[in-house]
Amino acid sequence: MKPKMGDLYNLGATKMKLLGLNYKNVNGLSDKKVWVALWVIAVWVNPIAAQPTRTQWVDSVFQTLSITEKIGQLFIIPVDGNNDQAVQRATNLIHQYGVGGVVITGGGPMGVAKLSQSFRQNSKIPLLLGMNAEEGPGNVLDSTLVFPYTLMLGGIRNDSLIYRFGKEIARQLRLLGVNLNFAPTADISTVFRNDDMVYHTFGEDKHNVSAKASAYMKGMMDGGI
């Protein structure tokens, strides 16, 4: 037999007095004050406790920044590692304005690894270092391995190989101090007229492109990029 609402009401009053529906009738004034106080504390503490540690850290650091530095965090600037003048200019911008990130557009692997360390030493805020490394750092750097074009990799049937491809690129980027890759091009090849852009897609089939782009990104993320 299905219980009536009144039965449920009475059950709450007799077996769960502190949390029952007729709380006011079955608890004394002192008990009520204690539970109200606990409820207020819980409401106040819960958002703080539920806030992820990373979010707490970001909020605490953000509050220490000047207006100029907060604006600077919105910018990511390109830097060619072979251009000493560009490197010095970027270093000054990072130090003076708290620029949020740098995109490496050229250089060699050893030089970029040292450069990324130097940039971070000049920034009081953790710096994003990015690269357009669709087929690995060799897309941008000299003396570095370049994987086959993404368009060729689109013909691979086993997407687990694309995952491993992404994870290997992540390993190489982390050795360079890079933590952001502007890849893959998660679009179909037919939307581009520029051949260079077409080569960096997984092809013209949207299902194949989405599956391989997801595998690539998963590999990179699992690799720390």
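**View 1. Aromatic pairs in the predicted model.** This model is predicted, and its count of aromatic pairs comes to 4. One of them joins Phe147 and Phe165, which meet edge-to-face with 5.2 Å from centre to centre and 80° between the planes. Follow the chain and you will see that this pair links distant parts: Phe147 sits in the loop between E3 and H8, while Phe165 belongs to helix H9 (residues 159-176), 18 residues apart. How exposed is each ring's residue? Phe147 is partly exposed, with a relative accessible area of 21%, whereas Phe165 is buried at 8%. The two labels differ because buried requires a relative accessible area under 20%.

**View 2. Phe202 and Tyr216, a pair beside helix H11.** Here the ring centres of Phe202 and Tyr216 lie 6.4 Å apart with their planes at 70°, so this pair is edge-to-face. That label follows because planes over 60 degrees apart count as edge-to-face. Phe202 lies in the loop between H10 and helix H11 (206-222), and Tyr216 lies in helix H11, so the pair ties together parts that are 14 residues apart in sequence. Are these two residues buried or exposed? Both Phe202 and Tyr216 are buried.

**View 3. The aromatic cluster.** Step back from the two pairs, and ring pairs link Phe147, Phe165, Phe202 and Tyr216 into a cluster. Its members include Phe165 from helix H9 and Tyr216 from helix H11.

**View 4. A cis peptide bond before Pro184.** Have a look at the backbone where Ala183 leads into Pro184: the peptide bond here is cis, with omega near 5°. Which part of the chain holds Pro184? Pro184 is in the loop between strand E4 (180-181) and helix H10 (195-199).

**View 5. Ser143 and its positive phi.** Ser143 is not a glycine, yet its phi is positive, at about 55°. This serine is located in the loop between strand E3 (128-131) and helix H8 (150-153). Ser143 is exposed, with a relative accessible area of 71%. Phe147, found in the loop between E3 and H8 as well, is partly exposed.

**View 6. The whole chain, for orientation.** To place the close-ups, note that the protein chain has 11 helices and 4 strands. How many of its 225 residues count as buried? The share is 34%. Among contacts with a separation of 6 or more, 68% come from residues 24 or more positions apart. The chain exposes about 14,500 Å², and carbon and sulfur atoms supply 59% of that area.

Definitions and conventions: Residues numbered from 1 in each chain as written. Predicted model: local features only at pLDDT ≥ 70, side-chain atom pairs only at ≥ 80, totals over all residues. Heavy atoms only, no water. Helix = DSSP H or I, 4+ residues; strand = E, 2+ residues; numbered from the N terminus. Buried < 20%, exposed > 50% of the residue type's maximum accessible area, 1.4 Å probe, protein only. Contact = heavy atoms within 4.5 Å. Areas by Shrake-Rupley, 256 points an atom, 1.4 Å probe, with all protein chains shown as cover. Phe/Tyr/Trp six-rings, centres within 6.5 Å; stacked < 30°, edge-to-face > 60°.
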